[in-house]
Amino acid sequence: EISGSVDFRSDLVLWEAADGLYSLNLATGVRENVSELINANSWRLNSSFSNLQRYEGDFTRWNDWVIYKAASGIFGFHLRKHEARPILLPLLDQDVRVTYRYPVALSGGQLIVTGLESSSGSVWADGPLYRVDLNAVLQ
């Protein structure tokens with residue numbers, strides 16, 4: 001059952017359900033739990049930060065990449081290679097906490113992300129927009 005965003009393209013449909021992100025390949029009819037593929041991915045920053053790439057929601061698509069809010073930051077997951085890459089990681093040890101949310105990928109490769117800021121540890125509802133060139137980060 002769909003419980004969140006949906007992305008329709010000529011090759012693939014992506015949707016959020018209560019238990020994760022799913023895809024349906026329109027050519028083959030194969031359905032996959034993309035969030036399980038992301039969470040099983042071997043990408044690690046180091047042994048202390050081994051689950052940063054875990055899927056938490058807020059997805060968008062750019063070419064063969066799903067861009068999503070991860071356990072920490074914004075990540076990309078290549079749908080064919082099953083490879084995760086960090087796009088934006090939060091700074092540690094700073095006075096203001098930034099939680100990246102609501103990624104939007106534009107067709108030219110620009111990613112727009114809202115950075116929810118807080119000095120108290122709780123996440124606020126507003127913050128600045130960040131722009132990332134996906135052509136430079138994911139190619």
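Strand S3 and strand S4, the latter spanning residues 31-33, run antiparallel and are joined by three bridges, and I should say at once that we are looking at a predicted model. Within that pairing, Ser23 stands opposite Glu32 of S4. The two strands form a hairpin with five residues between them, and in that turn Gly29 carries a positive phi of about 80°.

If we now turn to the other partner of S3, strand S2, which covers residues 12-17, pairs with S3, residues 20-25, in the antiparallel sense, and here there are six bridges. One pair to look at on the screen is Trp15, whose bridge partner in S3 is Tyr22. The connection from S2 to S3 is again a hairpin, made through two residues.

Let me move on to the nonpolar cores. In soluble globular proteins, nonpolar side chains tend to be buried together. In this model the largest nonpolar core has 16 residues, and those that touch the most other members are Leu14, Leu21, Val34, Phe59, Val66, Tyr68 and Phe77. Which elements supply at least two residues each to this core? They are S2, helix H1 at 34-39, strand S5 at 55-62, strand S6 at 65-70 and strand S7 at 74-78. The largest share comes from S6, which gives three residues.

Finally, there is a second core, separate from the one just described, with 14 residues, including Ile67, Leu111, Leu134 and Leu138.

How values were computed: Residues are numbered from 1 along each chain as its sequence is written. This is a predicted model: local features need pLDDT of at least 70, side-chain atom pairs count only at pLDDT 80 or more; totals for chains, interfaces and linings use all residues. Side-chain values use heavy atoms; hydrogens and water are left out. Two strands pair if DSSP finds at least two bridges between them. Helices (H or I, at least four residues) and strands (E, at least two) are DSSP runs, numbered from the N terminus. A nonpolar core is a set of buried Ala, Val, Leu, Ile, Met, Phe, Trp, Tyr and Cys residues joined through side-chain atoms within 4.5 Å. Buried means under 20% relative accessible area, exposed over 50%, partly exposed in between (1.4 Å probe, protein chains only).
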